[in-house]
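Please open the structure in your viewer and keep the selection tool at hand, since this tour moves from one selection to the next and says what is to be found at each stop.

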Amino acid sequence: MKYAIPQGMYQLGITQTVLESFFDGPFNKVISVFGIKEAKGKFDTDNIVYDGYDMPYHIHVLQGLLPALQIFEQILIQENCEDDEQVDTWFRVFCLGFLLHDANKLLEGYSLLHAINAIVDNTDRWHEKLAIYHFFPSVNQYWGDIQYVALKAENRTELGASLRSQQLPKTVKEWLSILVRFADKMASMGGAIQYKKQGEQLIPTKSYADGYQNIRQMYMHIKELIADLSISLPLQYVCIQENPYKMLTKQALTGIFKVLQINGRQILGVTHNSVLFFGEAFNPTLKQKAIESAINEEEIDVVQLSKIDFQTANLDFVNAKPLDEITWEKLMDNTADKFLSIAPNSANSYENNGFEMLKQLLETFEEHEWVSYIEDEKSHKIRLFFTNLKTEEALLFRDIVCLKKLKWLNAKKVKEWETDCDTYFNKEDAIYEGFKWHVSDTVLQSPKEIVNYFQTITKSPINLLKTLFSISYALNILHEDNIVDDPQEIKELLLAEVMDKLNPVEVSSTIQSSPILELMNHFLYYTGNLEPLWGRNLHIPIAEKRCAITNSVATKKYEETKAFGLKARGFSRKAPSYLTTSPKTKIGDSMIVENQIRKKYFSKNTEANLAIYRDFCEWGFGLPLQTILLKDIAVSRGIEIDDSLQTINVDKGASLSQDYHEYELIEIGKDIASQFYFISKNLRIAQALGIRMYVTSIMAHYRPHKAIFYYENAPRFAHQLNWHEVRLSEIKVVNHEIRLLIQLAKVGKNINSGYVLSYAGDRNHIFRLYRDYVKRVEIKEKQVKASFLKSQIRKDINELIVLRPKYFENMSIIKELANIALSIQRDNKNASQDSRMIRIALNALRQAIHDKADEEESIEIIAGMLFQNYRLKEFVSLNHLRTASRDFATKLYTGIYQEKWQKQLPAKTKEKILIAQFAFVYSEKVVQYFEEKKKA
């Protein structure tokens, strides 16, 4: 099925057929025609505020429709009607009826009855736009039944339902009446609070139970709804409680999900940490199967989890996947040349013609045709690689070289390997039969001679020699005159030794020591399992044996190869997020595996500091369906999809991975600009695709949230601007505001901390930003383009003022002052002229306050100063000027100084913001005046 509905979710083939047709037709058309339309969320009217979970219309329909069809199937089976030839019609009537049950939210300005009538009557060609005929060719015979279903969803419209003419049998109508109520309650399961406005306060007047807060509440909510239907359908759940292992939890849930499907359970829905289903309860037998399934689910990326270079050979995967012959072959196929890394490897690192001598030695090795080197012409650096790996001998040579170097690079971990390395380095016999290396007038043959020579031509040659001697050791084993050693046997012995020393002590093919087992034993919870987490025997070890991240039992030293996000080096009191590398800092096996899985999926973000959870609702119907819906939403809305990169490109700077959209670990700088652009990008994605986001630290748990975008522990500027929690009803305005700030930073300026923090401290700062923008544009751009840019930015600012008037203080008083100013002067050639009158008045006010003048005297001083500066204006009569000047002075003193500033002169910065605000409003008034004059 294209839409990947979970296997076993429906029992009747007709259900899936109808759903496929519904998704292809009306469901997708609602998205393409209406976009991301709000069905649930935060609604702010003149008298009340309704605060629920944000949910777009199409998701609201999905949340109710899919569970209701499961119940519909059970009713049909219970009544022995599943084979009735009219079942297809009943399903299609129900789908369309529920699609239209909140049609007034699609057609703004319509009541529900008028909205349904408009669609039924095909006003504005709604049948074609919503592909209704494509979904239900016989729809014209059943419009009355469809309206009946839509109006039966709520008590307030129930009376209207009975007035519709209907064709369906009475029994079927009764079923549909019950089902549409059930569907609407399922789709509205998230709690809400209704407030009454009382001045500036919100008084709670009504609350609705919240079924989204945790799996237990969701389970009880749905169980009560099903009990009202009088059908036998046992509801169960299984969940993994909060824990530090997100990737392991995801793996475990996948195993649980598959086992439930295989064992005949009917999936109802999934959350971030649980599965709801119908059927017999989860039990220890299913738990064991789920553990086995989960362990087999994850393929450890041995290549990604191996760090191999000139001085390191760490096989970090062995804690989750012990090294064996097959794993070694995979490692060789992908990383063999890394074992030949050498350092120092450039000409400037050697003295006394040493670099040329090194190349001469490598050429001696090249004669055997299994290893070669190249020298970069610019950097003069050497790189070694294996060649001609087509014969059994060549492959044995490769394996022996890599295994030997692996041992020697890990010599500090294994005493026997350190002894073996020292023994070879001090060997006085030729490295293999017939080997001679001519250095000046000397012939070097033994490892000891070669070691002594390299110490005279370069610094720290030990790791270089480990590579060279690994090659010479393998050449000796495979030398034609060596009749003692069997190369195949040597390779097998070396591999067995490496496996024995590097694999964990408790290596087992069973699940006895699996992190998945530990996770399930500690955090698994399901219906009927009454033992709470805090009642279990949880052991917290002493500090020396405690995992630095999770406080569980630690087994390994915390090193960079085992780290993800939280660094293992660089600890200081100024950087408490880093850990010391002392032996006291350790990590547990489960956290090692968790980090390995993180590295596999987020290899480019190993220093990640944030986790992003994305979904369409607090509960859904499986990741495959969510992924397909996401792609279909993008297609329906004309958003670009890059199939080669598997990304959905909302715009040039905002793209979303299709593979990892539901959970992502990323690294974002803590500087203001990085945080600003991060918030901007994700808000644009949320608005375009209607997908919810929860941003938190990589070790924090997911929390249910009402907002479409919620940033836990967001920077202070985001809290000041209310960008840390953005509702679906507000997201368009917030994105407009952010785009405006980005636009104001263009033409010779960039977003920086001062820019953002100033605006966050006072949104009226936007007028200063506009003033600076105008100055830059007038200097850098030609007159025509500058006029266009200024006009566009003014339009955007005015739109923001209209959408959010509460953001901008003083606006009503400033407009009154601008109107008075317009009656005195109508010049706006530049920013200086726009602000001249307010600057004169404010200077006079400051002087009056300094002289301790009372209110009347202060107004006289301000008015007198204005009169003196503008009395020579020819088109203004002196009587009007006197009156206007006094009006301006009175409004400034009483409205700004007394009411807004509380008789305290503000800092110069705030005064400059007021000046810029006045200049903006005044210039708009002047433009408007001349446009109206031109029309007249």
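Begin with strands β18, β19 and β20, which in this predicted model make up an open sheet of 3 strands, arranged in the order β18-β19-β20 with antiparallel pairing. If you colour β18 (640–642) and β20 (654–657), you are looking at the edge strands, each of which pairs on one side only. From one strand to the next, the twist averages 25 degrees.

Now select β18 together with strand β19 (residues 647–651), where 3 bridges hold the antiparallel pair, and look for D642, which stands opposite T647 in β19. Add helix α23 (residues 672–689) to the view: this helix packs on the sheet and touches β19 and β20, and its direction makes about 70 degrees with that of β20.

Stay with the last residue number of that helix and select L689, which, together with F94, touches the most other members of the largest nonpolar core, a core of 200 residues. Helix α2 (residues 57–78) gives this core its largest share, 12 residues. Which residues is L689 in contact with, leaving aside its neighbours within four places in sequence? They are I36, F616, L630, I633, A634, I639, I648, V650 and L656. In soluble globular proteins, nonpolar side chains tend to be buried together. There is also a second, separate core, of 71 residues, and among its members you can select W370, L444, Y473 and A474.

Next, move to strand β2 (residues 48–56) and strand β3 (residues 192–198), which run antiparallel and are joined by 4 bridges; here I48 has K196 in β3 as its bridge partner. Extend the selection to strand β4 (residues 201–208), which pairs with β3 in the antiparallel sense over 7 bridges, and find Q194, whose bridge partner in β4 is K206. Between β3 and β4, which form a hairpin, lie 2 residues, and in this turn G199 has a positive phi of about 65 degrees.

Finally, select the cysteines. How many disulfides does the structure hold? The number is 0, and for C81, which is in no disulfide, the nearest cysteine sulfur is that of C95, 18 Å away. Why does C402 not form a bond with C421? The sulfur of C421 is the closest cysteine sulfur to that of C402, but the two are 16 Å apart, which is too far for a bond, given that a disulfide needs the sulfur atoms within 2.5 Å. C402 counts as buried because its relative accessibility is 0%.

Conventions. Residues are numbered from 1 along each chain as its sequence is written. This is a predicted model: local features need pLDDT of at least 70, side-chain atom pairs count only at pLDDT 80 or more; totals for chains, interfaces and linings use all residues. Side-chain values use heavy atoms; hydrogens and water are left out. Buried means under 20% relative accessible area, exposed over 50%, partly exposed in between (1.4 Å probe, protein chains only). A nonpolar core is a set of buried Ala, Val, Leu, Ile, Met, Phe, Trp, Tyr and Cys residues joined through side-chain atoms within 4.5 Å. Contact means heavy atoms within 4.5 Å. Two strands pair if DSSP finds at least two bridges between them. Axes are lines fitted to C-alpha atoms, for helices over the stretch in contact, and angles run from 0 to 180 degrees between N-to-C directions.
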